[in-house]
Every structure is written in structure tokens, then in C-alpha cells.
Amino acid sequence: MNSTREINENEDWTMIIRPQRRWYDFHLGDLWKYRDLIRLFVWRDFVAYYKQTILGPLWYIIQPILSTVIFTVVFGQIAKLSTDGMPAFLFYLAGQTIWSYFATCFTSTSNTFVSNAGIFGKVYFPRMSVPVSIVISNLISFGIRFGMFLLFWAYFWISGSAVQPTLWALALPLLVLLMGAMGLGFGIIFSSLTTKYRDLQQLIGFGVQLLMYATPVIYPLSTVSGVWRTLIMANPMTPVVEVFKLGFLGTSDLNPIWLLYTAGFTLITLFIGLALFNRVEASFMDTV
Amino acid sequence: MSNTVISVENVSKQYHLGTIGTGTFRNDLKLWWAKTRNKPNPLALVDEADHGNRDGEILWALKDVSFKVEQGEALGIIGRNGAGKSTLLKILSRVTTPTSGEVKVKGRIASLLEVGTGFHPELTGRENIFLNGAIMGMSRAEVARKFDEIVDFSGVERFIDTPVKRYSSGMYVRLAFAVAAHLEPEILIVDEVLAVGDADFQKKCLGKMGDVAHEGRTVLFVSHNMPAIATFCDQAILLEYGGISFQGETNLTISMYLKSKAELSGEKIWEDINNAPGNYFARIHRVCIKNQNNESTSNIQSGEDFSIEIEYFNTIDNSRLSVTLLVFTEEGAILLSSISNLEPDWHNKPRPTGMYVSNCFLPANLLTPSFYSIGVIICTKNYQDCIREDDLIKFQIIDDGDVRGDYYGGYTGIIRPLLQWTTKKISY
């Protein structure tokens with residue numbers, strides 16, 4: 001009797017459901033198993049965005065151009081803020097392009113649990129596949145916007161503006177990776193907290209807007225000094241935006257070594273995010 | 001080497017009743033601040049006594065549930081609403097985690113309780129098949145291989161490239177079920193999905209389930225449809241108040257369930273004649289339902305004869321009495337009435353005082369499976385003076401499948417007699 005019992009216990013179960021996983025067990029291997037699902041989510045988010053619209057994927061371009069025009073008029077023409085000698089339109093477009101990837105990653109992953117409660121309540125799949133797929137599908141829209149930026153950039157360069165690209169432009173993949181990971185980290189932290197406190201949802205849209213003004217997106221870092229500069233330097237997005245401008249426009253007031261600070265910050269954020277997400281994932285169906 | 005594919009070991013699941021936290025960060029902070037200073041709850045209403053259980057009461061949806069499912073077994077799970085069936089399935093399908101205990105599983109589990117999960121209204125039927133398949137854990141290649149079969153089963157070929165938001169709800173459900181039915185997991189969980197779709201489609205679904213069960217795959221089937229459970233499952237467990245109250249062969253479990261269910265009363269006796277329903281000329285002493293073996297019961301199989309017995313006391317010498325039986329539906333409508341005026345022995349004959357018993361025989365396959373209640377009318381000669389008592393006893397007709405044949409879907413109609421059918425070929 002005892003021996004059969006032992007055999008039973010040694011059987012290879014494909015899955016064991018236990019009350020709660022250890023907090024550091026992120027089971028990221030599951031994500032790989034569900035890569036087909038992630039791919040389909042990416043494609044769904046991308047396609048569903050412009051279905052039943054006349055302009056289709058053009059919407060990915062219209063939006064940033066419009067806001068860049070507004071920035072150019074309001075901050076460039078009316079407020080006459082400095083753009084470090086760059087053509088105002090290109091300066092704002094550069095800031096917009098790079099900033100929007102972080103912003104969309106952050107905001108669109110931040111309501112993962114609440115907006116997917118219906119589907120999460122019915123079927124199991126690694127919950128992380130939702131925010132991960134969002135970060136990837138945002139990459140597509142970033143690619144489109146970046147392509148558009150390159151066109152304008154090439155035009156200004158050829159027409160003899162003060163644009164001086166540097167080799168730091170090659171750091172773009174690293175910048176994108178940092179932004180994606182940090183946006184994801186912040187997003188999943190907030191999505192975990194919003195299962196309990198819906199207040200945070202109100203905060204995010206506003207908070208991201210605020211964060212943009214604390215990042216040298218619509219003004220060059222060189223125009224800031226004193227306490228304000230310290231504050232803006234503490235913002236982990238500052239090095240990313242500055243290195244992007246250094247790479248493509250050739251103007252920056254920052255040592256690219258600061259990217260290390262961003263990297264460290266990103267790692268910690270992502271880690272805290274994963275731990276929180278992991279905790280909430282197991283029990284949120286009972287609280288949502 | 002044993003063939004256990006699911007082993008549920010001492011699984012419990014606890015829920016907190018009431019709200020969790022106060023819902024806003026500010027109020028949680030207030031509450032925490034008050035607690036740390038041993039002040040009363042600042043958020044409690046003035047009249048509300050604080051019992052110190054602001055965390056809410058605790059409900060055990062499942063308590064110490066253990067069972068095993070063998071490879072190829074079709075296990076039925078039955079129980080009243082709130083008995084813990086859905087919680088158990090949620091744990092098995094990993095939607096939520098148990099509070100304690102563990103579940104070990106061999107093979108992939110898919111459940112039909114998620115029919116249509118993740119369908120995106122803007123995407124076409126084709127696109128949704130792939131998306132839905134992936135959500136349920138199929139690889140792209142697997143879905144592609146099954147694609148034609150799925151479309152065929154769903155019967156929406158013509159609209160496969162139309163966004164599903166333009167589908168009728170029936171088409172939507174059919175497509176969703178078709179994907180789920182072709183998952184081919186090692187273990188399939190089915191939860192009451194048969195309530196959806198038209199009768200024709202339900203039949204198709206049950207047929208598919210039968211196939212799955214016969215292919216030797218393991219099925220867990222949760223339903224209130226007892227005939228379907230009886231057909232597909234060899235073994236069943238009965239859940240009551242979060243625990244397993246019975247486990248065994250399906251028919252046995254079902255009868256345990258039916259016995260435990262509802263406050264049916266197959267018999268009612270009024271011991272004290274002075275308090276019994278009635279009046280100066282007659283008093284009812286006992287009303288009961290007897291099955292074909294002459295046992296008193298409140299559960300009658302649809303295919304068995306049964307009778308209703310009414311015992312009453314005649315208080316006036318030489319009165320001529322008649323008894324009328326009323327059968328009410330669950331909704332309170334009178335389904336039928338029957339008078340004892342064709343009864344040969346005592347009708348319209350003067351009766352000495354004393355106790356009498358009248359028996360009304362009801363043939364098998366008359367009533368549709370449902371709940372009924374019984375009323376009685378006793379009248380004096382020429383129906384001049386009557387006493388009427390409604391809702392004396394309640395009973396149910398249980399579907400034994402005699403009339404159903406191979407059909408497991410819903411039946412309409414107030415009665416369900418077994419009628420003769422013939423079919424002949426009349427031309428080429």
C-alpha cells in the first residue's frame with residue numbers, strides 16, 4: 001500500500017495547482033509557451049485599432065503630426081521657447097516620437113487587469129502575455145512614427161538645416177528597449193494596484209502628461225538650471241530623450257553615461273512590477 | 001503505474017463576504033490610521049455596531065475536497081447552486097487559486113465554460129478562430145489543421161470573413177463552441193454550456209461530447225441536466241455546502257442529489273383531527289404520493305405509474321361525499337382536476353362516520369418532468385358544500401429518459417405523454 005503511494009507521488013504531473021506561488025517565481029517560461037498567443041494579441045491590437053476607419057493605418061501618423069504642429073505653434077511661435085537652434089518642427093517631432101512610445105506603453109499596460117477581467121475570469125493563460133503583447137504592438141506604431149520622423153529628418157538635413165547626426169543614433173534599439181521595459185514595469189505596477197484602488201486609473205493619464213513636462217521633450221535640457229535641472233535629471237526618461245536628440249539632431253546637454261542610471265531604474269521597476277503582478281495574478285479574480 | 005490524471009487533494013477555497021478594503025486609497029489609509037491608534041472605525045455609520053470584522057465574513061466555497069479522476073473517465077459534478085461546483089471548476093481551470101490544498105493534473109485541461117472568450121467584435125470569424133484557439137492554448141499549427149473542421153461544425157462558412165459583430169447571437173455561439181469542441185485537450189471540462197443555442201445545436205453539442213467521452217478522453221461535466229449527466233458519466237460526485245457529500249456511480253449520486261434537493265413532501269399527516277384542514281362534515285387526515293411499489297415518496301420517475309392517496313374523516317353519519325384531486329404546476333396553475341364520481345364502491349352512497357381512503361391512479365408518462373403540488377376538494381352530496389385545500393404536498397417528476405429516446409435537449413409543453421409514432425416510406 002505504501003509503496004504504491006510513493007509511486008503515485010513520483011509521477012510526472014504536467015501541472016500542479018498550489019495556493020500561491022513564491023513571490024520570485026515569475027514563471028516567464030510560460031510566456032514562451034504561449035508565444036503564438038502573444039503574436040495574435042499583437043496583431044489583434046494593431047488591426048483592431050484602425051478597422052472600420054477610412055484612413056486606416058494613416059492614423060498612426062496623423063496624430064503625432066497634429067500634436068507636433070500644435071507644439072510648434074504654441075511653444076515655438078507664440079511662447080518662443082528655445083529649440084537649441086534646431087528647426088522647431090523637427091525638434092518637437094523628435095521629442096514626440098520618442099516620448100510617445102514610453103507614454104503609450106505605460107498607459108496601455110496600466111489597466112491590464114481591470115479591462116481584461118472578463119477574459120481572465122474564464123480561461124487561464126499567462127497574464128503577462130497581455131502587457132507584453134501591448135508593448136510589442138506599440139513597437140509597430142513606434143516604427144511607423146519613427147519612419148515618418150526619418151522622412152522629415154532627411155528633408156531638413158538635405159535642405160541644409162543645423163542638423164548634425166552622431167553615432168549615438170545607433171543606440172536607438174537600446175533606447176527603445178529601455179523605454180519598453182520601463183513602460184511595462186510602471187504599467188504592471190499600476191495595473192496591479194488598480195485592482196484594489198480604482199483611483200489610480202484617474203491619475204495615470206494626468207500623471208503621464210505631467211511626466212512629459214518633467215522630461216526635456218518640448219524644451220532643450222540646456223535651458224534648465226538649478227533645482228529644476230536636478231529634478232529633471234532624476235527623471236529616468238531624461239537620458240533617453242536626450243540621447244535620442246544627440247543621435248539624430250546632434251544637440252544635447254547631457255553625458256550619455258546617464259543611460260546607466262535609466263537602465264538601473266528600469267531593472268528595479270520591472271522587478272517590482274513583476275513581483276506585484278505575480279501576486280495579484282493569483283488572486284485578483286476574487287477581488288476585482 | 002496508476003492512471004490518475006487529476007488528483008484533487010484537500011482543496012479549500014475561502015471567500016471574504018462584503019467589500020474588500022474600502023475601495024479607495026484615502027479611506028483605506030484612514031482606516032489603517034484609526035486602527036493603529038486603537039480608535040473606532042471612522043467610516044462606520046453612526047448606528048452601525050463595529051463587530052471588528054471589517055474584513056468581512058468568511059465563506060468557505062470549498063472545504064477539504066479530495067477526489068481522483070482516472071484516465072478516460074467521465075465524471076459528473078452535481079449539486080445545488082452555490083454548492084461549490086463553479087469554484088471547483090475555476091480552480092481546475094486555473095482562473096483562481098485554492099486557499100489551501102493542491103491539485104495535480106496530467107495533460108492539458110480545456111474547459112467549455114469559456115465559450116467565445118476573447119472574441120473580438122471587429123475581427124472576422126476566421127481571425128477569431130485563430131485568436132480564440134490561441135487563448136485556449138492551441139498552437140497556430142494546430143488551429144490551422146483543424147480550421148476546416150471547425151468552420152464546418154459551426155455552420156457559418158458563408159460569413160467566415162465577416163466581422164463577428166455582425167453575427168447573430170446564435171451564429172456567434174456556434175462558432176465559439178466549434179472552436180472549443182475541437183480543442184482536443186486530454187481533459188475536458190464542460191459547464192452548463194448546453195443552455196445556449198437552439199435545440200438542434202444543443203443536440204450537436206451533446207453528440208460531440210459523447211464522441212469525446214467515447215474516445216477515451218477524460219471529461220468533467222457540470223450540469224443541472226440530469227439525463228445528460230446520466231448518459232455521459234459513469235461516476236459522479238455530489239457537492240453540498242462546499243464538500244463532497246456523495247461520490248459513486250452516476251445513478252446513485254443523482255438519486256442522492258434528488259433526495260437532498262428542495263423541500264419536497266411526499267406525505268402529510270394531521271394527527272389531531274380537530275386541527276386538520278376541513279370543516280363540520282369532513283377532515284383531511286393524510287395525503288400522500290405512492291410510487292408503483294406502493295412506497296410513499298416525493299420523487300416519481302416519469303416512466304412509472306403512481307397514485308395519490310387521500311385519507312379523510314367523515315364526521316356526519318350517512319353523508320354522501322366526493323373527493324376531487326387538483327394538480328398544480330410550479331407556477332400555481334391548475335394542470336388537471338379529477339373527481340371521484342366514477343368510483344364504484346362509495347360514490348353517492350351514504351357513508352357511516354369513520355376514516356376513508358380514496359386513491360387516484362395516475363398513469364406513467366403523463367406529466368412532464370417538473371415540480372407539482374397537490375390540492376384536495378371534498379364535497380357533500382350534489383357538490384353543494386365543499387372544502388378546498390391547496391398546496392398540501394409537493395412532488396416532482398424525474399426524467400428517466402423513456403420518452404426522450406436519443407434527444408437530450410429542452411422539451412416544451414405542459415404534459416409529455418409517450419405517444420405512438422409510425423413512419424413509412426411512401427414513394428421513391
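In chain B of this predicted model, strand β10 (residues 267-269) pairs with strand β11 in the antiparallel sense, over three bridges. Within this pairing, Lys268(B) stands opposite Val287(B) of β11(B). Strand β11(B), which spans residues 282-290, is mostly covered, with seven of its nine residues buried. Another partner of β11(B) is strand β13 (residues 306-314) of chain B; these two strands are also joined in the antiparallel sense, here over eight bridges. Ile289(B) faces a residue of β13(B) in this arrangement, standing opposite Ile308(B).

Chain B also contains open sheets. One of them has six strands in the order β5-β6-β7-β3-β8-β9, and its pairing is mixed. At the edges of this sheet lie β5 (109-111) and β9 (243-249) of chain B, each of which pairs on one side only. From one strand to the next, the twist averages 20 degrees. Inside the order just given, strand β6 (residues 187-191) and strand β7 (residues 218-222) of chain B run in the parallel sense and share five bridges. Ile189(B) stands opposite Leu220(B), a residue of β7(B).

A second open sheet of chain B is built from five strands, ordered β12-β18-β17-β14-β15, again with mixed pairing. Its edge strands are β12 (299-301) and β15 (334-339) of chain B, each pairing on one side only. Here the twist averages 30 degrees from one strand to the next. The edge strand β12(B) pairs with strand β18 (residues 386-398) of chain B in the parallel sense, over three bridges. In that pairing Gln301(B) stands opposite Ile398(B), which belongs to β18(B).

Among the helices of chain B, α2 (residues 85-92) deserves attention. Six of its eight residues are buried, and the helix is therefore largely enclosed by the rest of the structure. The buried residues of α2(B) are Lys85(B), Thr87(B), Leu88(B), Lys90(B), Ile91(B) and Leu92(B). Just after the helix comes Arg94(B), which takes a positive phi of about 65 degrees.

The account now turns to the meeting of the two chains. In total, 37 residues of chain B are in contact with 31 residues of chain A. On the chain B side, β4 (100-105) and α3 (125-135) each supply at least two of the residues that touch chain A. The largest share of that side, five residues, comes from β4(B). Classified by type, the side of chain B that touches chain A has 16 nonpolar, 14 polar and seven charged residues. Strand pairing also crosses from one chain to the other: strand β1 (residues 15-17) of chain A and β4(B) run antiparallel and are joined by three bridges. At this junction Ile17(A) stands opposite Val103(B) in β4(B).

Within chain A, helix α5 (residues 88-109) packs with helix α8 (residues 129-158) at an angle of about 175 degrees, and their axes are 9 Å apart. An angle over 145 degrees counts as roughly antiparallel, and α5(A) is therefore roughly antiparallel to α8(A). From α5(A), the residues that take part in the contact include Leu90(A), Leu93(A), Tyr101(A) and Cys105(A). From α8(A), those taking part include Ile134(A), Phe142(A), Phe149(A) and Trp153(A). By class, the contact of α5(A) with α8(A) has 14 nonpolar, six polar and one charged residues.

The length of α8(A) can be checked against expectation. At 1.5 Å a residue, its 30 residues should span 44 Å, and its end C-alpha atoms are 43 Å apart, which agrees. The helix is followed by Gly160(A), whose phi is positive, near 80 degrees.

A last point of interest in chain A is Phe120(A), which is found in helix α7 (residues 117-120). A residue is buried if 20 or more other C-beta atoms lie within 10 Å of its own. Because Phe120(A) has 22 C-beta neighbours inside 10 Å, it counts as buried. Leaving aside neighbours within four places in sequence, Phe120(A) is in contact with Arg127(A) and Met285(A). Phe120(A) and Phe284(A) are 164 residues apart in sequence, while in space they are 9.4 Å apart, C-alpha to C-alpha.

Notes. Residues are numbered from 1 along each chain as its sequence is written. Chains are lettered from A and ligands numbered from 1 in the order in which they are written. This is a predicted model: local features need pLDDT of at least 70, side-chain atom pairs count only at pLDDT 80 or more; totals for chains, interfaces and linings use all residues. Two residues are in contact if their C-beta atoms, placed from the backbone, lie within 7 Å. Helices (H or I, at least four residues) and strands (E, at least two) are DSSP runs, numbered from the N terminus. Ala, Val, Leu, Ile, Met, Phe, Trp, Tyr, Cys and Pro count as nonpolar, Asp, Glu, Lys and Arg as charged, and the others, Gly among them, as polar. Two strands pair if DSSP finds at least two bridges between them. Axes are lines fitted to C-alpha atoms, for helices over the stretch in contact, and angles run from 0 to 180 degrees between N-to-C directions. Angles under 35 degrees count as roughly parallel, over 145 as roughly antiparallel, 65 to 115 as roughly perpendicular and the rest as oblique. The expected span of a helix is 1.5 Å times one less than its number of residues. A residue is buried if 20 or more other C-beta atoms lie within 10 Å of its own, exposed if 12 or fewer, and partly exposed in between; C-beta atoms are placed from the backbone.
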